[in-house]
Amino acid sequence: MNKNIGKIDKIVRIIVGVAIIAYGFMTNSWLGVIGLIPLGTALIGWCPLYCPLKINTTCDKDNCKKD
């Protein structure tokens, strides 16, 4: 399982996950549980949906632009 989530993608996922969880608490709804998905994928650095779509937002020596 290679990491396929980069730094910016990870930050966005954490913010979105926390926002969804907070919304769930504010509305007293189970919808907030959905926020665990982006939060979890950010913490492990791997998104299962990116594999079939061949998306990789990490920056390594093969796919990173250097100035």
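**Cysteines, a surface patch and two unusual residues**

At 7% relative accessibility, Cys47 is classed as buried. The model is predicted, and a search through the whole structure turns up zero disulfides. The points below cover the cysteines, a nonpolar patch on the surface, and two residues with positive phi.

**Cysteines**
- A disulfide is a covalent bond that joins the sulfur atoms of two cysteines.
- For Cys47, the closest cysteine sulfur belongs to Cys51 and lies 7.8 Å away, which is too far for a bond.
- A disulfide needs the two sulfur atoms within 2.5 Å, so Cys47 and Cys51, with sulfurs 7.8 Å apart, do not form one.
- Cys51 takes part in no disulfide, and its nearest cysteine sulfur is that of Cys47.
- Cys51 is partly exposed, at 37% relative accessible area, whereas Cys47 is buried.

**Nonpolar surface patch**
- Tyr23, Met26, Leu31, Ile34 and Ile37 make a nonpolar patch of about 540 Å² on the surface.
- One of these residues, Met26, belongs to helix H1, which covers residues 7-26.
- Met26 has a relative accessible area of 68% and is therefore exposed, the cut-off for that word being over 50%.

**Positive phi outside glycine**
- Asn28 is not a glycine, yet its phi is positive, near 55 degrees.
- Asn28 sits in the loop between H1 and helix H2 (36-44), and is exposed at 74% relative accessibility.
- Lys54 is not a glycine either, and has a positive phi of about 55 degrees.
- Lys54 is located in the segment after helix H3 (50-53), and is exposed, with a relative accessible area of 75%.

Key:
Residues are numbered from 1 along each chain as its sequence is written. This is a predicted model: local features need pLDDT of at least 70, side-chain atom pairs count only at pLDDT 80 or more; totals for chains, interfaces and linings use all residues. Side-chain values use heavy atoms; hydrogens and water are left out. Patches are made of residues with over 30% relative accessible area and no salt bridge: like charges are joined within 9 Å, nonpolar side chains (Val, Leu, Ile, Met, Phe, Trp, Tyr) within 5 Å. Accessible areas come from the Shrake-Rupley method with a 1.4 Å probe; for residues, only the protein chains shown count as cover. A salt bridge is a side-chain nitrogen of Lys or Arg within 4 Å of a carboxyl oxygen of Asp or Glu. Helices (H or I, at least four residues) and strands (E, at least two) are DSSP runs, numbered from the N terminus. Buried means under 20% relative accessible area, exposed over 50%, partly exposed in between (1.4 Å probe, protein chains only).
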